[in-house]
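Here are some exercises to work through with the model open beside you. Try each task before you read the solution below it.

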Amino acid sequence: MTELHRNYIGGEWVAGPSASPNRNPSNVDDVIGDYSQADATQAKAAIAAAKAAAPAWAAGSIQDRSILLDRVGTEILARKDDLGRLLSREEGKTLPEGVGEATRAGHIFKFYAGEVLRLAGEKLPSVRPGIDVEVTREPIGVVGLITPWNFPIAIPAWKIAPALAYGNTVVFKPADLVPGCAWALSEILVKAGIPKGVFNLVMGRGSVVGEALVNDPDVAGISFTGSVSTGRAIAGKAVGRMAKMQLEMGGKNPLIVLDDADLPTAVNCAVQGAYFSTGQRCTASSRLIVAAGIHDRFVAAMTEKLKALKVDDALAAGTDIGPVVDPSQLEQDQRYIEIGKGEGAALAWGGERLKRGSDGYYLSPALFTNATNAMRIAREEIFGPVACVIRAKDYDEALAFANDTEFGLCAGIVTTSLKHASHFKRNAQAGMVMVNLPTAGVDYHVPFGGRKASSYGPREQGRYAAEFFTSVKTAYIAP
Ligand code: UN1
C-alpha cells in the first residue's frame, strides 16, 4: 500500500470513502500512489466550505492575495523538475514537456499575482447631468474547476490562479487519471497559506464529483476543459440553473502548407503540432492540408522525420514521444486507425502498437495520406498521435477545407506569402491562428479559446480571464 493522498476540504486533509491507484502509462507496474476518491457528500462539504469562505476572501486585501499567488508561483518554479517528473510519470508526456508544463504553471501564478493589482474599473459621466456612473468587477463567488488529464498542472493553474486572483473561492476537481500533479499543486497552495475554505480539492469521478459541482446551486460558475460530449452535458445542466460557464472542448485543427512554404518549417510545425505530447492536445494539428505542388515532398520529409522519432518511456532521456495515456485512449486511437484504412486513406507511416522495455501504451505516430476532408479521421477528434494529409489544389481550396469543420479552436498556415498569411489570419474560423508556427503550444498571458463546437463562454488566460471569473456591476451615483 502506497501513501494515501487525501482531498482537501475546508482547511483539512480528508480521506475519501474510497481510493484508487495512480498508474504510470509508460510502465503499468509503476504505481505513483493512492488517491482518495470523493463522493457527492464530500463534494457538497467542499462547496459549503467554499461558500462560507467567499465573503471574506472577496473583501480581503489584494496585497495578501498577490503575495500568496506569487509564493505559489515561486514554489512551483523552484520544484519544476520534480513536478515535471511527476507529471511525465503520471501522464506520459516526455520529461522536457513535463518540466516545461510545470514551468508554465509557475509563470501563470506569477502573472496573476500581478493581475490582482491591475483589476481596473471605469468611471464615466452619465447621460443625465450631475450623475456619475461606475463600472466595476466583482468575484462571481464559488467556482467549480474541472480539468482534463492532458495538462495535469498547466490547466489547473490557468483556472485556479485567475479564480483566486479575482476573488473567487474554488472547488477543484482534477481528471481522475492524473491526481498526482493536482494533489501536489494543492499542497503547494496549502503550504503557501491559502485560507481555510478558499481552495478545496475533491478528487474523484466526473459522474460523481463533477456532477455534484455542476448541479449545485451554490456553485456560481463552472470552468471545464475536456471532451465535447462531457462539455455538452455540462452545458445542458448548467444552463438549466443559469450558472455561468466556460467550456473548452475539442479541436480538429488544420495546418495548411502552401507551395511556397519553407519545407523544414512545415515539417517541424506538423510534427510538433500533430505528435508531440503524443498528439493528446486539443490544439493538435490533426489535419495537414497540403497544396499540390509541395504535397509529395512534404509527405516524404514527414515520413523520414517520423521514422527517426523515438517512442519510449516518458522519463527516458531522448524520448520524443511518450505513451498514450491509458488503455481506453489507446483503443480509441487504434479504432480510428482502422476507420481511416476502411475509409480509403493510406497509412503512410506508423499506427503500430510498440513493445518497449516497460509495459506501457506505446503507439508509433500515424500519418495518413490520400485523406479527404469528408472522412471521419478528418472530422472527429481522435486525441492521439494520428494525423491525416489532405491534398488541396491551391490556397483557396485549402482555406475552404480548413474551415469546413464543426470545430474552431486553432488554425495554422505555413507560407512565405504575406498575402496568404494575412488573408488566412482574417478568414480562418478559429479562436487562435498561427503563422509558420505549430498550432499547439500557446502563451499564457493572452486569450485562449475557440469558436464553434470547440469552446463556449468567455476566453481563458491573460486579463481576458476576468470575463468569466468576475461579474460586472454598473453603479449610478447622484450627489
Ligand atoms: C497548448 O497547446 O499549449 O487541452 C495548450 C488542451 C488545451 C491546452 C493546449 N486546452 O489541449
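Buried means under 20% relative accessible area, exposed means over 50%, and partly exposed is in between, with a 1.4 Å probe and protein chains only. This is a predicted model, in which local features need pLDDT of at least 70, side-chain atom pairs count only at pLDDT 80 or more, and totals for chains, interfaces and linings use all residues. Residues are numbered from 1 along each chain as its sequence is written, and side-chain values use heavy atoms, with hydrogens and water left out.

**Exercise 1. Cysteines**

Task: Find how many disulfides the structure holds, and decide whether C282 and C388 are buried or exposed.

Solution: Begin with C282, whose relative accessible area of 11% makes it buried. C388 has 1% relative accessibility, so C388 is buried too. Next, search for disulfides, meaning pairs of cysteine sulfur atoms within 2.5 Å. The structure holds 0 of them. For C388, the nearest cysteine sulfur belongs to C410 and is 15 Å away.

**Exercise 2. Helix α8**

Task: Check the length of helix α8 and work out where its buried residues lie around the axis.

Solution: Helices are DSSP runs of H or I with at least four residues, strands are runs of E with at least two, and both are numbered from the N terminus. The expected span of a helix is 1.5 Å times one less than its number of residues. For the 13 residues of α8 (residues 228-240) that gives 18 Å, and the end C-alpha atoms are indeed 18 Å apart, so the two agree.

Now list the buried residues of α8: V228, G231, I234, A235 and A238. Seen down the axis, they fall within an arc of 120°, so they line one face of α8. The arc is taken from the directions that run from the helix axis to the C-beta atoms. There is a general reason to look for such spacing: an α-helix has 3.6 residues a turn, so residues three or four places apart point the same way.

Then ask what packs against this face. Counting contact as heavy atoms within 4.5 Å, the partners of the buried residues are β8 (142-146), α7 (206-215), β11 (221-225), β12 (244-248) and β20 (407-408). The face turned away from the buried side carries the exposed residues S229, R232 and G240. Leaving out residues up to four places away in sequence, R232 touches M249, E406 and A453.

**Exercise 3. Helix α13**

Task: Repeat the analysis of the buried residues for helix α13 (residues 395-403).

Solution: The buried residues here are Y395, A398, L399, A402 and N403. Their arc around the axis is only 125°, which puts them on the same side of α13. Their cover includes β13 (253-257), β14, β19, β21 (410-414), α14 (418-427) and β23 (451-452).

**Exercise 4. A buried glutamate**

Task: Describe the surroundings of E101 in helix α4 (residues 95-115).

Solution: First, accessibility: at 3%, E101 counts as buried. Second, its side chain reaches the backbone nitrogen of I153 at 2.9 Å. Third, beyond residues up to four places away in sequence, E101 touches L87, K93, N150, F151, P152, I153 and A154.

**Exercise 5. Nonpolar cores**

Task: Which residues have the most contacts inside the largest nonpolar core?

Solution: A nonpolar core is a set of buried Ala, Val, Leu, Ile, Met, Phe, Trp, Tyr and Cys residues joined through side-chain atoms within 4.5 Å. The largest has 66 residues, and those with the most contacts inside it are F109, Y112, I160, L164, L189 and F199. Its largest share, 9 residues, comes from helix α5 (residues 154-165). Apart from this core lies another, of 32 residues, with I256, L258, M375 and F424 among them.

**Exercise 6. Positive phi**

Task: Where do T278 and F383 lie, and what is the phi of each?

Solution: T278 is in the loop between α9 (263-275) and β14 (285-291). Its phi is positive, about 55°, although T278 is not a glycine. With a relative accessible area of 1%, T278 is buried. F383 belongs to the loop between α12 (376-379) and β19 (386-392), and its phi is near 65°. At 16% relative accessibility, F383 counts as buried. For background, most residues other than glycine have a negative phi.

How values were computed. A polar contact is a pair of N or O atoms within 3.5 Å; within protein, one must be able to donate a hydrogen and the other to accept it, and residues adjacent in sequence count only if both atoms are side-chain atoms.
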